[in-house]
Amino acid sequence: MRDGDYSNPIFHDEAKAREWLEARLWPEGPICPKCGVVDNATKLNGDAHRAGVYKCKACREQFTVTVGTLAERSHVPLHKWLAATHLMMASKKGMSALQISRMIGVTYKTAWFLCHRIRESLRGNDTDQLGGEGVVVEADETYVGGKDANKHADKRDHVRGGSQKEAVVALVERGGRVRSHHVADVTSATLRPILQAQINSASHLMTDTARMYPAIGGTFAAHSMVNHTINEYVRGDASTNTVESYFAILKRGVIGTFHHVSSQHLKRYVGEFDYRYNTRTALGYSDFDRFTASFSGIVGKRLTYRRTGRQQAPEAATGTAPSWIAWRTV
């Protein structure tokens with residue numbers, strides 16, 4: 001049996017799952033979440049204690065490996081958390097909450113919320129700039145949402161992207177990482193601070209000839225553009241084919257797997273696709289490597305929900321946000 005097989009005991013046995021997570025998060029011994037002391041805790045055994053409880057010898061507080069993580073105070077067994085994470089990491093175009101609920105044996109509502117907590121843990125962990133001297137970074141935008149052509153004629157927007165679509169801008173290193181952003185609009189004022197913050201100024205920026213890029217490109221060491229309006233897609237080394245290939249994977253996931261993604265949660269779906277792309281097989285990651293690496297972001301990103309009447313009712317078939325969900329990071 002290989003580590004990445006779904007038959008791995010950590011995806012089905014609670015004790016094995018807890019032991020695996022402890023080894024992953026505590027390589028040098030238990031870490032007290034209150035005082036930070038390392039490897040100075042006693043494991044509490046016996047019928048009077050839950051499995052996996054430790055007591056810090058310094059501050060006398062009790063804790064488990066899930067304290068301060070996504071799974072803190074969760075009623076979902078830890079092995080199901082690991083199983084859901086593995087299924088999401090091993091599926092190139094994502095896996096719907098409905099399918100995960102069937103496979104791990106939880107309700108759709110539980111799987112939906114669990115998946116969003118996992119997606120949140122994947123965001124914001126890679127903070128250094130893309131590119132560098134001699135490195136090509138491609139930038140492009142796409143729109144996520146229903147096609148204008150599919151609407152009734154008197155309801156069409158007749159604007160690029162459609163007024164009901166959401167804009168996503170992606171920055172991709174050739175042969176390297178991607179970083180995507182859900183943006184309110186695609187203008188120079190919106191994109192300039194993103195590109196300047198995320199891309200090293202010594203990079204070679206490559207874009208199409210959209211109106212916002214010429215003014216932004218001057219802040220980088222070099223800027224090449226291809227003119228799609230005259231069917232120019234490659235000119236020498238200049239192209240945006242890499243970023244468009246990334247968008248193809250994102251669109252296949254949205255259209256074929258999730259069917260509908262609400263604007264409220266689009267940033268989390270985009271973060272999930274970014275993470276899988278940045279840990280793809282071409283960069284030396286196996287499915288289990290990708291799964292293991294994802295746990296570096298689970299500490300300090302616990303998401304909770306509270307009831308609210310400001311959102312629409314859930315649609316299980318499409319994956320829209322249930323009415324009782326409101327997000328915050330604690």
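In this predicted model, helix H2 passes helix H4 in a right-handed crossing. The two helices pack with their axes 10 Å apart and at an angle of about 65°, and H2 and H4 are therefore roughly perpendicular to each other, an angle of 65 to 115 degrees being counted in that way. Helix H2 also packs against H1 and crosses H3, and the points below take up these pairings before turning to individual residues and to totals for the protein.

**Contact of H2 with H4**

- On the H2 side, the contact is made by Trp81, Ala84, Thr85, Met88 and Met89, while H4 contributes Leu114, Cys115, Arg117, Ile118, Arg119 and Leu122.
- Sorted by class, the residues of the contact of H2 with H4 comprise eight nonpolar, one polar and two charged.

**Contact of H2 with H3**

- The axes of H2 and H3 cross at roughly 135° and come within 10 Å, and H2 passes H3 in a right-handed crossing.
- H2 and H3 are therefore oblique to each other, since their angle of roughly 135° lies outside the ranges counted as roughly parallel, roughly antiparallel or roughly perpendicular.
- Lys80, Ala83, Ala84, Leu87 and Met88 of H2 make this contact together with Ile100, Met103 and Ile104 of H3.
- The residues of the contact of H2 with H3 fall into seven nonpolar, no polar and one charged.
- Ala84 and Met88 of H2 take part in the contact with H3 and also in the contact with H4.

**Contact of H1 with H2**

- Helix H1, spanning residues 14–25, and helix H2, spanning residues 78–90, have axes 8 Å apart and pack at an angle of about 70°.
- H1 and H2 are therefore roughly perpendicular to each other, and H1 passes H2 in a left-handed crossing.
- From H1, the residues Glu14, Ala17, Arg18, Trp20 and Leu21 meet Leu78, His79 and Leu82 of H2.
- The residues of the contact of H1 with H2 divide by class into five nonpolar, one polar and two charged.

**Residues with a positive phi**

- Most residues other than glycine have a negative phi, and the two residues described next depart from that pattern.
- Asp39, which is not a glycine, has a positive phi of about 55°; Asp39 lies in the loop between H1 and strand S1, the latter covering residues 41–43.
- With a relative accessible area of 52%, Asp39 is exposed, because the class begins over 50%.
- Arg73, also a residue other than glycine, has a positive phi near 60°, and Arg73 is found in the loop between strand S3 (62–63) and H2.
- Arg73 has a relative accessibility of 69% and therefore counts as exposed.

**Surroundings of Ser101, Gly131 and Tyr277**

- Ser101 lies in helix H3, which runs over residues 97–104, and its relative accessibility of 8% is the reason why Ser101 counts as buried.
- Not counting residues up to four places away in sequence, Ser101 touches Val106, Thr107, Tyr108 and Ala111.
- Gly131 has its place in the loop between helix H4 (108–122) and strand S4 (136–144), and at 23% relative accessibility Gly131 counts as partly exposed.
- Leaving aside neighbours within four places in sequence, Gly131 is in contact with Val137, Glu173, Asn200 and Ser203.
- Gly131 and Asn200 are 69 residues apart along the chain, and their C-alpha atoms are separated by 5.5 Å.
- Tyr277 is found in helix H8, made up of residues 266–278, and counts as buried at 13% relative accessibility.
- Apart from residues up to four places away in sequence, Tyr277 touches Val172, Gly176, Arg177, Val178, Thr242, Tyr246 and Leu283.
- The C-alpha atoms of Tyr277 and Arg179 are separated by 9.6 Å, and these two residues are 98 residues apart along the chain.

**Totals for the protein**

- The secondary structure of the protein comes to nine helices and 12 strands, and 48% of its 330 residues count as buried.
- Among the contacts in the protein with a separation of 6 or more, 61% are accounted for by residues 24 or more positions apart.
- The accessible surface comes to about 16,300 Å², and 49% of this surface belongs to carbon and sulfur atoms.

How values were computed:
Residues numbered from 1 in each chain as written. Predicted model: local features only at pLDDT ≥ 70, side-chain atom pairs only at ≥ 80, totals over all residues. Heavy atoms only, no water. Axes fitted to C-alpha atoms, helices over the stretch in contact; angles between N-to-C directions. Helix = DSSP H or I, 4+ residues; strand = E, 2+ residues; numbered from the N terminus. Parallel < 35°, antiparallel > 145°, perpendicular 65-115°, else oblique. Left-handed = near helix turned anticlockwise from the far one by under 90°. Contact = heavy atoms within 4.5 Å. Nonpolar A, V, L, I, M, F, W, Y, C, P; charged D, E, K, R; others polar. Buried < 20%, exposed > 50% of the residue type's maximum accessible area, 1.4 Å probe, protein only. Areas by Shrake-Rupley, 256 points an atom, 1.4 Å probe, with all protein chains shown as cover.
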